[in-house]
Amino acid sequence: MTAKNGESAGRWAPAAVSATVFCVQLDAFALNLALPGIGRDLGAAGGGLQWVVSGYLLAAGALMVGAGRLGDLYGRRRLLMAGLAVFGGASLVCALAPSLRVLVGARVVQGAGGAMAMPAGLALLTNACSPGSRARVMGRALGVGGVATVCGPYVGGVLTEAVSWRAVCWLNVPLALLAAVCAARAGESRDTTAPASVDVAGLVTATGALAALAVLVDRGQLWGWVSGRSAVALALAVGLGAVFVRHERAAAHPLVDLALFGNRPFVALTAAGAAANTATVVVLFAVPLALQGPWRLSAAGAGAAFLAPAAAMALAGPVAGRIRTADAVRAMAGALVLGAAALGAATAAPTLPVFLVAVTGCGAALGVAGALTLIATQAVVRPDRAGEASGVTKTVITTAAGLGVTLSGPAAGAHGTATATAVDAALMAAGGCCLAGAALLVLTTVRPGGARGGRSAADGCPD
């Protein structure tokens with residue numbers, strides 16, 4: 001399962017993963033503010049435009065579990081490069097799209113490319129680094145991704161106003177190429193304990209169940225949670241999920257080893273990470289709306305004011321990488337409690353400086369919690385199945401992002417104008433998510449241990 005060339009892996013794997021995370025995270029958020037421009041350019045309006053964002057997230061969320069395990073079986077570097085090729089090619093189609101239908105289709109393919117690249121990249125980095133340096137290197141890579149996450153909406157807005165929304169799509173092409181060049185020079189790794197054969201039935205049923213669940217989370221509020229379409233989506237998700245579990249129990253080489261869900265540290269950290277990601281998405285949507293609405297800043301002023309919370313969130317990745325695996329659960333619970341307290345302070349802030357201090361503290365806390373989700377879950381699973389575990393974790397937190405969008409929706413108001421009451425309600429809901437995640441970690445009496453297996457420090461990534 002080790003890389004063929006340890007020195008090469010140590011030098012290039014962190015660069016490849018950092019570039020990949022930046023590229024994929026930037027694209028996930030950069031088109032949010034470009035939707036009106038896309039509608040004008042392509043002559044589209046209404047709910048159809050939302051599929052430019054939703055199509056990407058749905059594809060990414062549904063495909064990550066299967067993609068993570070495929071990387072374990074056939075080579076993590078190979079799947080990372082394939083994902084980047086798909087992502088970059090789809091970005092090119094997005095940039096040239098003549099209609100909304102073509103654009104949405106290309107965005108779905110982009111999501112598929114991101115689903116291939118992200119779990120494979122994290123698993124590649126897990127196996128390229130020695131246990132002693134793994135968390136710090138991964139924390140730095142996730143910090144780079146954090147920069148893209150918080151800056152994505154503003155990069156998209158600036159490029160849309162200065163050039164065109166198509167410039168956002170063109171930007172992805174060289175970024176994906178850079179990541180692929182770095183990945184090509186990294187060492188390969190794969191799971192040598194299992195035959196290189198795909199559990200097709202598991203792949204199909206898992207993907208179908210996740211797709212139905214993601215559609216329900218994304219469209220449920222629009223359809224009505226008790227509507228016929230929501231009921232059909234829920235029935236599909238539950239039915240296919242049950243078939244998947246029954247098949248995996250009987251399969252000789254399952255797509256997902258169900259014993260993973262008996263790993264209490266992994267389950268607790270992943271579930272709490274979902275709560276943290278839901279809260280993070282709410283903050284990313286609601287705080288800029290609050291700055292331009294109740295606090296009456298211009299768009300440029302709101303962007304400048306949001307730099308402090310954005311920087312705090314981005315810098316949290318390297319900080320999280322310094323936390324010992326044995327302390328990960330306690331640290332994450334503490335970060336979520338602090339995040340909830342900061343959100344509560346933000347809703348009661350009497351002045352703009354107090355509000356900014358509160359949301360900056362929240363950004364730091366949520367950044368630590370989010371980074372710990374990916375770092376600590378990789379540390380408590382076997383490295384040979386790191387892609388599988390990464391795929392499960394990324395699927396859960398990506399689906400949770402859809403819930404965060406749903407909670408943020410009312411804050412924009414009917415005409416895109418935020419009200420203080422609606423923003424406060426969104427931020428309090430985010431605080432409730434933080435407290436729920438912290439309570440889960442506290443109530444789950446776990447003793448997270450280090451990952452089993454690993455490589456010698458001589459073959460590890462540089463600190």
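1. Overall make-up. The chain has 16 helices and zero strands. The model is a predicted one. Of the 463 residues in the chain, 57% are buried. Contacts reach far along the sequence: among those between residues at least 6 apart, 84% join residues at least 24 apart.

2. Main core. The largest nonpolar core has 92 residues. Leu336, Phe355 and Leu441 touch the most other members of this core. Helix α14 (residues 352-379) supplies the largest share, 13 residues. Two domains take part: domain 1 (8-186) and domain 3 (257-447) each give at least three residues to this core. Another core lies apart from it, with 20 residues. Ala44, Ala95, Leu103 and Trp165 are among the members of that other core.

3. Leu336 and its neighbours. What does Leu336 touch, leaving aside residues up to four places away in sequence? The list is Ala272, Ala276, Leu366, Ala369, Cys434, Gly437, Ala438 and Leu441. Leu336 is also one of the buried residues of helix α13.

4. Helix α13. This helix covers residues 328-347, 20 residues in total. From first C-alpha to last, α13 reaches 29 Å. That is close to the 28 Å expected at 1.5 Å a residue. Its buried residues are Ala328, Val329, Met332, Ala333, Ala335, Leu336, Gly339, Ala340, Ala342, Leu343 and Ala346. The cover over these buried residues includes α10 (264-292), α14 and α16 (420-443).

5. The cavity. How many cavities of 30 Å³ or more does the structure hold? There is one. The volume of the largest cavity is about 690 Å³. Its lining counts 40 residues. Nearest the centre of the largest cavity lie Gln25, Phe29, Thr149, Asn277 and Lys394.

6. Who lines the cavity. Helices that each supply at least two residues of the lining of the largest cavity are α1, α3 (51-74), α5 (100-128), α6 (131-162), α10, α12 (307-320), α14 and α15. Which helix gives the most? α10 does, with seven residues. Helix α10 also helps to cover the buried residues of α13. Helix α14 appears both in this lining and in the largest nonpolar core.

7. The second largest pocket. About 380 Å³ of space lies in this pocket. It is lined by 16 residues, and those closest to the centre are Val65, Leu210, Phe244, Phe261 and Thr395. Three elements, α8 (200-223), α9 (228-250) and α15 (386-408), give two or more residues to the lining of this pocket.

8. Helix α9. Does its span agree or disagree with 1.5 Å a residue? The 23 residues of α9 should span 33 Å at that rise, and the end C-alpha atoms are 33 Å apart, so the two agree. The buried residues of α9 are Ser230, Ala233, Ala237, Gly241, Phe244 and Glu248. These buried residues pack against α8. Phe244 is thus named twice: as a buried residue of α9, and among the residues closest to the centre of the second largest pocket.

9. Gly404. This glycine lies in helix α15. Is Gly404 buried or exposed? Gly404 counts as buried because its relative accessible area is 0%, against a cut-off of under 20%. Gly404 and Ala279 are 125 residues apart in sequence, yet 6.4 Å apart in space, C-alpha to C-alpha. Leaving out residues up to four places away in sequence, Gly404 touches Thr278, Val281 and Val282.

10. Ser18. Helix α1 (residues 6-30) holds Ser18. With 15% relative accessibility, Ser18 counts as buried, since the cut-off is under 20%. Ser18 touches Ala141 and Val144, not counting residues up to four places away in sequence.

11. Arg296. This residue sits in the loop between α10 and α11 (299-305). Its phi is positive, about 60°, although Arg296 is not a glycine. Most residues other than glycine have a negative phi. Why is Arg296 called exposed? Its relative accessible area is 73%, and exposed means over 50%.

Technical notes: Residues are numbered from 1 along each chain as its sequence is written. This is a predicted model: local features need pLDDT of at least 70, side-chain atom pairs count only at pLDDT 80 or more; totals for chains, interfaces and linings use all residues. Side-chain values use heavy atoms; hydrogens and water are left out. A nonpolar core is a set of buried Ala, Val, Leu, Ile, Met, Phe, Trp, Tyr and Cys residues joined through side-chain atoms within 4.5 Å. Buried means under 20% relative accessible area, exposed over 50%, partly exposed in between (1.4 Å probe, protein chains only). Helices (H or I, at least four residues) and strands (E, at least two) are DSSP runs, numbered from the N terminus. Domain bounds come from an automatic or database domain assignment. Contact means heavy atoms within 4.5 Å. The expected span of a helix is 1.5 Å times one less than its number of residues. On a 1 Å grid over the protein atoms alone, a cavity is a set of points where a 1.4 Å probe fits but cannot get out, and a pocket is an open set with protein on both sides within 12 Å along at least five of seven lines; lining residues have an atom within 4 Å of a point. Grid points are joined across faces, edges and corners, and a volume is the space filled by probe spheres set on the points.
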